[in-house]
Amino acid sequence: MLSLSVENLSVSFPGLDAPVLVIDDLKIAAGEHVAVTGGSGSGKSTFINMVTGLDRTASGNIFWNGQDIARLSEGARDRWRAEHVGLVMQDFHLFQGLSAVDNVLLPARLSRVADRAMTDRAHELLSSVGLSRPNQKIDTMSRGEMQRVAIARALLRRPGVVVADEPTASLDGASGEAVGKLLLEMAASAGSTLIVVSHDQTLIDRLDRRLTLAAGRIKTDTKAGERAQ
Amino acid sequence: MIRFILADIKRMWAGAIVVVLLVALATALGVTVTLQERALRLGSARAADKFDLVVGAPGSETQLVLSSVFLQAAPLPLVSGDVLAKLAADPRVAWAAPIGFGDSFAGYPLVGTTRALISNTTTGFTEGRMFEKEGEAILGAAVNLPLGAEIKPMHGTAASGGETHAGVVYHVAGRLKPTGTPWDRAILVPLQAVWHVHGLGHAHEEGEHEEAGHDHADGDHDHDGEAQHAGEAAHAAEVAPATGETAANSATHAEEHHDDHDHHGTIDADAPIMEDYGTDAPGLPAILVKPKTIADAYRLRQAYRTGGTLAVFPGEVLTSLYSTLGDAKFVLSAVAAGSQALVAAALVLVTVTHVAQRRRQIGALRAFGAPRLSVFTIAWAELFLMVALGICLGFLIGLAAARLIADAFTGQSGIVLPVEFTGQDVRSFLGLLIVAAILAAVPALLAYRQSPAKALRS
Ligand SMILES: Nc1ncnc2c1ncn2[C@@H]1O[C@H](COP(=O)(O)OP(=O)(O)O)[C@@H](O)[C@H]1O
Ligand SMILES: [Mg+2]
């Protein structure tokens, strides 16, 4: 379980006069479930890339349990992310031609950390996301099923934080809702901190806290209780 | 990792097959040209191996070699018969043997020669024995006729509208072991018989001449009247009676006296073979000479390059022929290189599109926790595997193609072409693999360096 503290973060891209993301001070407690919303181009994905160390910026600090990942080398950030972050993306990034369980295990295998116990866990995770055929090829799965495999992959190494960027946006209503619900349950049972970028109101309503971005800045930051009014 | 790479290649198998085949074809092209060229050089050199020195009448050195060593049918000027006697008596000569050609049977050239030449240039018989009588013939290893078969010689070749010599029949007495030379496709008969067929050189056995005992009618052969002149012209080359008369002269002669040129001789099948040729022997297209020493060879060549004779070392003639053909080889190699460059360009295109797609996907692996090095390795191994497979396949296809061509060539010419890989090929194979390994590293490096955020963005 990880806590996040972002300080003085500013992200700019060459060719753009204004920074696409500016966060002076943001804290997310360990185990907190946070929704991130905002219009298209408001900087949500940029935020995700920064806090997961997928991208880096020259200015600002990103502390996870006190460790500033913005100061890590690229290789060290990769290793840190592999160990602590479970990622779920809008378009799955699963590998065709491999089975569900092989997809779940692929990053761990490439990192040479997949042992017997982890293989067993992969099977357990697949059955707990509701997939009964771990050896089914990804190519033959529905989109909802694919996202379930992606969720199992994200949780394999018991990450301190699960980060999802629009996990239900490419799914139809029913399966999107099921996947959103599943993501929450799985993160909760793993005790992971959860950050979900989403426009899905039912999913957002289920989370503890809601950050709204506009033009790269945090416009509102509301807790579940406050929203009721 | 291996499983992932294989699954990945399988997933885009159509593209992978295109890459593999492109590489294979480009490689095969170069390999075939190289193998074939080398085999031709080696094969013809081996065919000329037993032919130390060839003496003929002045004319084209190349044609003398092509006709005597490679039995290529062509009119040759004739060297006077006494040259053979002179050579046979020369102390620098181990043996000298005449070669007379021009007739054919069933598509095989008939070569008139002596037992000395046969036993000195071959390794013996697979069946039967040497000819002992004028009416006997022996077969090269590749002649598809049985022992005891009847051979009715024909002027020139069937293709050029040759005509059977009426009443002339040889019986096959033996078959030689393979030599890998055009002589494997030859039917060898006593030279004396060839002369007699053409009404020459009867001096030795006048008086014993019998009535033709074997009158096999030639009714089963087509007479192609139109082509007959050509047949006569070729025919004239080896039977021109006068010393020093050129083929061209004989050809004219043949046309003028076309009618009485047919069947003016026959053989005495049971006559013993006389191989001591006197100074009155008829003209000959070529004489094969085995000098006693290398020094003798050079001296003999010197001595017989003037005064109505031409002496050549076939090996040397071939070498100069290759240097002329070197230009042709250069053109061939340039064509091969050009098409290889085209294939390489196509390959780069395929690779670039492949990598653009793969980079995103493979790069995304990093986002999910795969180490950078494995991302590099996957991208590299995928490409290298396909290209390496293509190269291996290319070498096999190239070898197979060269073998096919060589076999077809052997079937036609009798020259066995030794198509095989050498150390040089192994080196170029390894060189290609190294180049492939380096080239495959370029896109892999791009995948390695790509930021995972960029890889995820779609
Ligand atoms: N690599 C980049 N180079 C230039 N501009 C970028 C890059 N990545 C994102 N942007 C810009 O930053 C802004 C925020 O993008 P993003 O974080 O993806 O928005 P969203 O909230 O839709 O996820 C957009 O205007 C986008 O065009
Ligand atoms: Mg986005």
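The exercises below, each with a worked solution, deal with a predicted model.

**Exercise 1. The contact between chain B and chain A**

Describe the interface of chain B and chain A by its residues, its buried area and the elements of chain B that take part.

Solution. Begin by counting residues: chain B gives 25 residues to the contact, and chain A gives 24 residues. Next, turn to area, since the size of an interface is often given as the accessible area lost when the parts come together. Between chain B and chain A about 2200 Å² is buried, and carbon and sulfur atoms give 61% of this area. On the side of chain B, F4(B), F368(B) and L456(B) supply 26% of the area buried against chain A, which is more than any other three residues supply.

Then look at the polar side of the interface, where the rule finds two salt bridges between chain B and chain A. In one of them R366(B) is paired with E74(A), and the closest N and O atoms are 3.0 Å apart; this lies within the 4 Å that a salt bridge requires. Six residue pairs in polar contact, both residues at pLDDT 80 or more, are also found across the interface of chain B and chain A.

Finally, place these residues in the fold: on the side of chain B that touches chain A, the elements that give two or more residues are α1 (2–11), α10 (314–367), α11 (372–413) and α13 (452–456) of chain B. The largest share, six residues, comes from α10(B). Sorted by character, the residues on this side of chain B are 14 nonpolar, five polar and six charged.

**Exercise 2. Two domains within chain B**

Work out which residues and which element of domain 1 of chain B meet domain 2 of chain B.

Solution. First fix the bounds: the domain assignment of chain B gives domain 1 as 2–44 + 321–457 and domain 2 as 53–312. The contact between them takes nine residues from domain 1 and seven residues from domain 2. Together the two domains of chain B bury about 560 Å², with 65% of it on carbon and sulfur atoms.

Within domain 1 of chain B, the residues that lose the most area to domain 2 are L321(B), G414(B) and I415(B), which together account for 51% of what that side buries. Between the two domains the count is zero salt bridges, while one residue pair is in polar contact, both residues at pLDDT 80 or more. As for the element, α11(B) gives the most to the side of domain 1 that touches domain 2, with four residues. The residues on that side of domain 1 of chain B divide into three nonpolar, six polar and no charged.

**Exercise 3. An aromatic pair**

Decide whether the rings of F51(B) and W183(B) are stacked, edge-to-face or tilted, and say which parts of chain B the pair joins.

Solution. The structure holds seven aromatic pairs over all chains. In the pair of F51(B) and W183(B) the ring centres are 5.7 Å apart and the planes stand at 55°, so the pair is tilted. F51(B) lies in the loop between α2 (13–47) and β1 (53–56) of chain B, and W183(B) lies in the loop between β7 (170–176) and β8 (187–190) of chain B, so the pair ties together parts that are 132 residues apart in sequence.

**Exercise 4. Positive phi in chain A**

Locate N8(A) and F92(A) in chain A, and state the phi of each residue.

Solution. N8(A), which is not a glycine, has a positive phi of about 50°, and its place is in strand β1 (residues 4–11) of chain A. F92(A), also a residue other than glycine, has a positive phi near 55°, and F92(A) lies in the loop between β6 (85–89) and α3 (100–110) of chain A.

Definitions and conventions
Residues are numbered from 1 along each chain as its sequence is written. Chains are lettered from A and ligands numbered from 1 in the order in which they are written. This is a predicted model: local features need pLDDT of at least 70, side-chain atom pairs count only at pLDDT 80 or more; totals for chains, interfaces and linings use all residues. Side-chain values use heavy atoms; hydrogens and water are left out. Contact means heavy atoms within 4.5 Å. Buried area is the accessible area (1.4 Å probe) that two parts lose on being put together, summed over both. A salt bridge is a side-chain nitrogen of Lys or Arg within 4 Å of a carboxyl oxygen of Asp or Glu. A polar contact is a pair of N or O atoms within 3.5 Å; within protein, one must be able to donate a hydrogen and the other to accept it, and residues adjacent in sequence count only if both atoms are side-chain atoms. Ala, Val, Leu, Ile, Met, Phe, Trp, Tyr, Cys and Pro count as nonpolar, Asp, Glu, Lys and Arg as charged, and the others, Gly among them, as polar. Domain bounds come from an automatic or database domain assignment. Rings of Phe, Tyr and Trp (its six-membered ring) pair if their centres lie within 6.5 Å; planes under 30 degrees apart count as stacked, over 60 as edge-to-face and the rest as tilted.
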